[in-house]
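Please take a moment with the sequence and the model below before reading on. The paragraphs after them are meant to be read with both in view.

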Amino acid sequence: MVNVQDARKEQYEQLDKVILQWKDEPGGLLPIMQNAQEIIGCVDEEVQHYISDKIGVPVSTIYGVATFYSQFTLQPKGKFAIGLCLGTACYVRGAQQVMDELVKQLGIDSGMTTDDGNFTLDATRCIGCCGLAPAMMINDDVYGKVTPEEIPGILNKYRQVG
């Protein structure tokens, strides 16, 4: 079994290479943060302080960038990112009941990740599948006309590969 501390150390070693590449480049903070997110999975407080120490940019600046751009997350995301559309078309066709079932089955609220790191649940707005309302995506898989009764089976499919 991989030691979590060793895995994190290896990730920071990868990040050090990126920092070295971009440290003195104008506008280098953004690619450093993008790579940090890719390598570590988020730009949490620990990562922000690490980058700050390495390149001399205030943590407040790094936090500002991380919260301004929607591509960054301050918390690790799960292996399977669930996005349930709560836009108008989906909502009027029962998306809230589907969300309620997801919350019940996963034991988390929207915007959270399960303790095992398998699932992150997010309420989204329009995923472009209004004709399939209510629509849900899990990573790149699209589910249309989803009912609360289907949720346990859908989640079990991912739990088996998780």
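What follows is a walk through this predicted model, beginning with its sheet and ending with its cysteines.

The sheet is a convenient place to start, and it is an open one of five strands, arranged in the order S2-S3-S1-S4-S5 with mixed pairing. At its edges stand strand S2 (112-113) and S5, and because each has a single partner strand, one side of each is left without a neighbour in the sheet. Strands of a sheet pair through backbone hydrogen bonds, and they may do so in either the parallel or the antiparallel sense. Both senses can be followed from S1: this strand runs parallel to S3, to which six bridges join it, and it pairs with S4 in the antiparallel sense over three bridges. To find these pairings in the model, one may look for Leu 84, which stands opposite Ala 123 in S3, and for Gly 83, which stands opposite Met 137 in S4. S1 is also mostly covered, since five of its six residues are buried.

From the sheet we may turn to a helix that packs with it. In helix H7, which spans residues 151-161, the buried residues are Ile 151, Ile 154, Leu 155 and Tyr 158. Seen down the axis of H7, these buried residues fall within an arc of 95°, and they therefore line one face of the helix. The elements that cover them include strands S1 (80-85), S3 (119-124), S4 (136-138) and S5 (141-143), together with helix H6 (95-106).

These elements lead to the nonpolar core. In soluble globular proteins, nonpolar side chains tend to be buried together. The largest nonpolar core here has 25 residues, of which Ile 82, Leu 102, Met 136 and Ile 138 touch the most other members. At least two residues of this core come from each of S1, H6, S3, S4 and H7, and the largest share, five residues, is supplied by H6. What surrounds Ile 82 shows how these parts come together: leaving aside its neighbours within four places in sequence, Ile 82 is in contact with residues including Leu 102, Leu 121, Met 136, Ile 138 and Leu 155. Apart from this core lies another, of 18 residues, among them Tyr 12, Leu 15, Val 47 and Ile 62.

A smaller detail belongs to the loop between S2 and S3, where Thr 114 has its place. Is Thr 114 buried or exposed? Its relative accessibility is 11%, and because the cut-off for a buried residue is under 20%, Thr 114 counts as buried. The side chain of Thr 114 reaches the backbone nitrogen of Asn 118 at 3.3 Å, and, not counting residues up to four places away in sequence, Thr 114 touches Leu 106, Ile 108 and Phe 119.

The cysteines remain to be considered, and how many disulfides does the model contain? The count comes to zero, by the rule that a disulfide needs two cysteine sulfur atoms within 2.5 Å. Cys 126 is accordingly in no disulfide, the nearest cysteine sulfur being that of Cys 130, 3.9 Å away. With a relative accessibility of 48%, Cys 126 counts as partly exposed, whereas Cys 42, at 0% relative accessibility, counts as buried.

Note on methods: Residues numbered from 1 in each chain as written. Predicted model: local features only at pLDDT ≥ 70, side-chain atom pairs only at ≥ 80, totals over all residues. Heavy atoms only, no water. Buried < 20%, exposed > 50% of the residue type's maximum accessible area, 1.4 Å probe, protein only. Helix = DSSP H or I, 4+ residues; strand = E, 2+ residues; numbered from the N terminus. Arc of directions from axis to C-beta. Contact = heavy atoms within 4.5 Å. Pairing = 2+ DSSP bridges. Polar contact = N/O pair within 3.5 Å; in protein donor to acceptor, adjacent residues only side chain to side chain. Core = buried A, V, L, I, M, F, W, Y, C linked by side-chain atoms within 4.5 Å.
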